[in-house]
Amino acid sequence: MTTHPPALVFDNIHKSFGPVTALEGVSLEIGRGELFGLIGPDGAGKTTLMRILTTLLLPDQGAAQVLGYDVIKQWRNIRREVGYMPGRFSLYQDLSVAENLHFFATLFGTTVAENYDLIRDIYEQLEPFRKRRAGKLSGGMKQKLALCCALVHRPQILFLDEPTTGVDPVSRQEFWQILNRLQDQGITIFVSTPYMDEASLCDRVALIQDGHFLAVDKPGALAASYEHPLYAVKARDRFRLLQDVRQWPPTYQAFPFGEQLHLSTRTEIDPQQLVGYLTQQGHQEITVTPTAPTIEDRFMELMTH
Amino acid sequence: MDVITADKLTKRFGDFVAVDQISFSVKQGEIFGFLGANGAGKTTAMRMLTGLSRPTSGQAQVAGFDIYRDVEKIKRRIGYMSQKFSLYEDLTVSENIEFYGGVYGIKARDLRLKTSQLLSELGLQEVARTLVGSLPLGWKQKLAFSVAIMHDPALVFLDEPTGGVDPITRRQFWEMIYQAADRGVTIFVTTHYMDEAEYCDRISMMANGRIAALGTPQELREQFQAPDMNAIFLKIARGSQTA
């Protein structure tokens, strides 16, 4: 073959656990070097999909190739070439930081020294604790060690299952900077997250809910495909504002968005009309302005289709 | 009336000062956001305020009771819910309600009434005999919140209540919070979603065991000259790392 096969291809993947359907026919192709985000709430099917692609779980139906290898027949080849950081901390708690890293390098027939350049940035922050048991590390440090262990054999694709869940905004931002540097080194990244705001940090994303892809696209294009006119509405009493806006006939949906409401309407409106209605209802400090939809707006629109 | 007053509340673990002389108060019916980076001291502070951890020094009253002397009285007057642990997955919906009602000391006759009331409010009559473990996450969280306030506490502590739920359910959950606050229940909530911080009446942000910022979202935006809570959070947490 003259061209590389894509990093990931899967077609019509189904998976059920007893009566529960986790994945219901998902399909996708991801190119080499892409930073791809799988965005959706708990229970949407993110982990099941990750586990199928990392050959830890068999699909009930459908086909998948990772780096051109079939996930069922060629799982050995895949396991050598991918790195996987599961959502739950899965390192050896009673081995030290250095021992864990050494162990994972050995499993893959390599050494820490051989691929140190890839993990240097991250490992330097762990260095002061190299003799500490993994179980005694803080949450952020555990996360960094898990990432080092997933990278120590220089995988071509990195699978990350919710690496930033429960992590504060500062650590989340740092983690995404690390991902960007890994992408610069040519590693394909497939990362899942329940945080909608992280979608904009990916090259492309799939929005997943109840085992279905609601949409797959570049983040900017996804937000832009929002179908209704959208307005940011503010007034002093926010709880009452929400209830009153929902009673207004032109309203399609209204949701709290930070200090504002995002109001979508069935057709274009004149903001002054709404200001008039809200003034009648006794609201104060009212502002109504057209606003640009976010990925989260689009996700909610797709959920209620 | 203040439901929480803390004065120089401090907790040390050996040489490490987890909570360093924090002072603040929370009014009745207020939605109070308690934010901070991982390891900033939020959990330790919450454990002291809920009577689970004895302070090293400082004073605090919660629901009118002293956190040194009246720990058991405090526990009866507060509710607690966290994303990680709230309901027993292998008990049914009704069993969970009855269990918590019993723990909170609701009398048997009142409890039966309360249980059916709660089930109908939440629209959960159909699944009353279903194991909680098999419910969708969003339903579990709404049930957990209702259970946490079924004994009409003066205040309820919500520890990252909305982690992992879809954006619509997350907003419906906040509407439940607004309703409870409207009825006079004080809400003390932690979250990693910065847009949710904007839904609070007032916010405190902790860094290195201290309260680094305290005020309404509007006041904090002006004080830190930042467009939103995320920007303020990053400023505070970054500042504390270099300090």
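Chain A is divided into two domains, with domain 1 covering 8-223 and domain 2 covering 226-303. Where they meet, domain 1 of chain A contributes 13 residues to the contact and domain 2 of chain A contributes 9 residues. Please keep in mind that this is a predicted model. Below is a short tour of chain A as a whole, followed by a look at two threonines, Thr54(A) and Thr162(B).

**Domains and overall dimensions of chain A**

- Taken over C-alpha atoms, the centres of domain 1 of chain A and domain 2 of chain A are 38 Å apart.
- A box of roughly 75 × 45 × 40 Å along the principal axes holds the C-alpha atoms of chain A.

**Secondary structure and contacts of chain A**

- In chain A you will find 10 helices and 14 strands.
- Looking at contacts in chain A with a separation of 6 or more, 70% are between residues 24 or more positions apart.

**Burial, surface and charge of chain A**

- Chain A has 305 residues, and 50% of them count as buried.
- The accessible surface of chain A is about 13,800 Å², and carbon and sulfur atoms account for 49% of that area.
- As for charge, chain A carries 29 positive and 35 negative side chains.
- The centres of these positive and negative sets in chain A lie 7 Å apart.

**A closer look at Thr54(A)**

- Thr54(A) sits in the loop of chain A that runs between α1 (46-53) and β4 (61-66).
- Is Thr54(A) buried or exposed? Its relative accessibility is 4%, so Thr54(A) counts as buried, the cut-off for that label being under 20%.
- A polar atom in the side chain of Thr54(A) lies 3.4 Å from the backbone oxygen of Arg51(A).
- Setting aside neighbours within four places in sequence, the residues in contact with Thr54(A) are Arg79(A), Tyr84(A) and Phe159(A).

**A closer look at Thr162(B)**

- Over in chain B, Thr162(B) belongs to the loop between β7 (155-159) and α6 (167-182).
- With a relative accessible area of 1%, Thr162(B) is buried, because the label applies under 20%.
- Which side chain makes a polar contact with the side chain of Thr162(B)? The partner is the side chain of Glu196(B), at 2.9 Å.
- Glu196(B) also appears among the residues that Thr162(B) touches when those up to four places away in sequence are not counted.
- The others on that list are Gln141(B), Arg170(B), Phe173(B), Trp174(B), Thr191(B) and Tyr193(B).

Methods
Residues are numbered from 1 along each chain as its sequence is written. Chains are lettered from A and ligands numbered from 1 in the order in which they are written. This is a predicted model: local features need pLDDT of at least 70, side-chain atom pairs count only at pLDDT 80 or more; totals for chains, interfaces and linings use all residues. Side-chain values use heavy atoms; hydrogens and water are left out. Helices (H or I, at least four residues) and strands (E, at least two) are DSSP runs, numbered from the N terminus. Buried means under 20% relative accessible area, exposed over 50%, partly exposed in between (1.4 Å probe, protein chains only). Contact means heavy atoms within 4.5 Å. Accessible areas come from the Shrake-Rupley method with a 1.4 Å probe; for residues, only the protein chains shown count as cover. Lys and Arg count as positive and Asp and Glu as negative; His and the chain ends are not counted. The place of a charge is taken as NZ of Lys, CZ of Arg, CG of Asp or CD of Glu. A polar contact is a pair of N or O atoms within 3.5 Å; within protein, one must be able to donate a hydrogen and the other to accept it, and residues adjacent in sequence count only if both atoms are side-chain atoms. Domain bounds come from an automatic or database domain assignment.
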